[in-house]
Amino acid sequence: MGVTSPLKGQSHSRSLTRKLLPYVLYALLPIAVFRFYFHPFTFPLSTSDQLPHPNQEEIANETPCNYTYGRWVHDKMGPLYNGTTCGTIKEGQNCITHGRPDLGYLYWRWQPSQCNLPRFDPNTFFNLLSNKHIAFVGDSMARNQLESLLCMLATASYPNLVYKNGEDNKFRRWHFASHNITVSVYWSPFLVKGVEKSKTGPDHNELYVDIVDERWGSDLEHIDMVVLSIGHWFLHPAVYYEGGSVLGCHYCPGLNHTEIGFYDVMRKAIKTALKAIIERKSTDGNGIDVFLTSFSPSHFEGEWDKAGACPKTKPYEEGEKMVEGMDADMRSIAIEEMEAAKVNAKKFKGLRLETLDVTKLSLMRPDGHPGPYMYPFPFANGVQEHVQNDCVHWCLPGPIDTWNQIVLEVIRRWSVVSKREE
């Protein structure tokens with residue numbers, strides 16, 4: 001009976017391996033491409049790229065950081081989440097799963113001029129805000145920012161949807177059982193009482209600038225932190241009321257009202273909202289943290305309702321784009337009203353107010369909007385003559401995640417100061 005040589009067996013094995021190897025590689029290649037597309041690898045950072053979280057002593061010894069001024073720098077780390085790992089992204093902002101082919105917009109971070117902005121750490125957020133109720137109040141930009149926060153927090157703990165109501169789920173609430181944190185969104189595009197234009201009602205909005213919107217105002221006693229965000233809805237035609245009488249209107253041809261524009265009305269609305277928060281929270285003894293998000297510019301190249309698009313694929317360079325015109329005016333209104341409210345809030349304990357000044361950093365990111373990818377695969381059947389674009393809201397993940405990075409860093413610094421004063 002013959003015995004097979006071990007060397008001959010090994011030779012046969014190597015030959016078989018060489019034959020099968022190309023087929024294995026061909027099978028693995030599409031899997032690897034799919035994995036990288038939906039789950040980008042994180043690369044080791046160079047020393048200059050690392051942004052360690054400062055300890056409490058470091059923060060206490062630092063002067064307050066101005067996050068308004070800075071530049072977008074390339075970031076190899078990329079986002080914390082993507083379109084497949086987060087289940088709360090609004091369909092129209094899920095750019096990756098809608099087929100956006102360029103993913104370069106995901107790899108940038110905001111570098112303030114005078115300090116570092118640490119990467120968002122969901123566990124730090126949970127520890128600082130455990131047993132708290134956080135509310136986002138305003139228009140669709142408030143909802144955009146809320147969904148960004150939910151996605152980043154979901155990388156550490158799953159949010160349970162516990163309440164929803166209203167058309168397009170404009171009123172929703174989630175609960176993070178791990179830290180007993182509640183996160184809510186309240187649709188209130190003017191912050192004050194308003195009647196929105198509709199097919200069955202008036203073809204303009206109606207605002208009562210001296211009456212807070214009780215859809216969120218009535219819940220203030222249960223809210224520990226609120227993020228206010230308004231702006232774009234004030235551009236629409238509207239009639240304004242104050243003290244029970246018509247104050248004026250914005251773009252109301254055919255109506256016998258005085259045209260007064262919308263700047264002063266937006267100022268009155270913010271003033272009314274902040275006044276209501278301070279008055280109600282100063283008496284319940286629980287305190288509140290208040291953020292007012294400044295205006296977030298759109299990036300339509302052309303008129304938004306006439307096939308305007310936002311085709312750019314990278315941020316503007318420093319000095320290439322300036323905050324000016326309406327963007328500057330609306331930003332100034334938010335900052336001025338918040339500064340006035342801070343003076344009033346100093347009379348009471350437990351009230352902390354800050355402007356979330358995102359106008360410039362947002363202006364510098366024309367590449368971060370859904371554009372035509374507000375709809376799934378808009379060019380699947382070729383390039384159409386007219387394709388609707390969204391150049392107002394932000395892709396998720398995207399630049400709006402930075403807004404929540406800043407919120408977390410401000411809260412962290414507040415916490416250090418508070419402990420130091422105890």
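This passage describes a strand pair and the disulfides of a predicted model.

Strands β1 (residues 70-74) and β2 (residues 108-112) run antiparallel and are joined by five bridges. Within this pairing, G70 sits across from P112 of β2. Strand β2 is also mostly covered, with four of its five residues buried.

The loop that follows β1 and leads to β2 brings us to the cysteines. Across the whole structure, five disulfides are found. When the bonded cysteines are numbered in sequence order, they pair as 1-4, 2-5, 3-10, 6-7 and 8-9.

One of these disulfides links C86 with C151, at an S to S distance of 2.0 Å. The link is left-handed, with -80° about the S-S bond. Because C86 belongs to the loop between β1 and β2 while C151 is part of helix α4 (residues 140-153), this pair ties together parts that lie 65 residues apart in sequence. Both C86 and C151 are buried.

A further disulfide is formed by C95 and C395, whose sulfur atoms are 2.0 Å apart. The link of C95 and C395 is left-handed too, here with -90° about the S-S bond. C95 is found in the loop between β1 and β2, and C395 in the loop between α8 (359-363) and α9 (401-421), so the pair ties together parts 300 residues apart in sequence. C95 and C395 are both buried.

C249 and C252 make up another disulfide, with 1.7 Å between their sulfur atoms. C249 counts as buried because its relative accessibility is 0%. C252, with a relative accessible area of 10%, is buried as well, since the cut-off for burial is under 20%.

Notes
Residues numbered from 1 in each chain as written. Predicted model: local features only at pLDDT ≥ 70, side-chain atom pairs only at ≥ 80, totals over all residues. Heavy atoms only, no water. Buried < 20%, exposed > 50% of the residue type's maximum accessible area, 1.4 Å probe, protein only. Helix = DSSP H or I, 4+ residues; strand = E, 2+ residues; numbered from the N terminus. Pairing = 2+ DSSP bridges. Disulfide = S-S within 2.5 Å.
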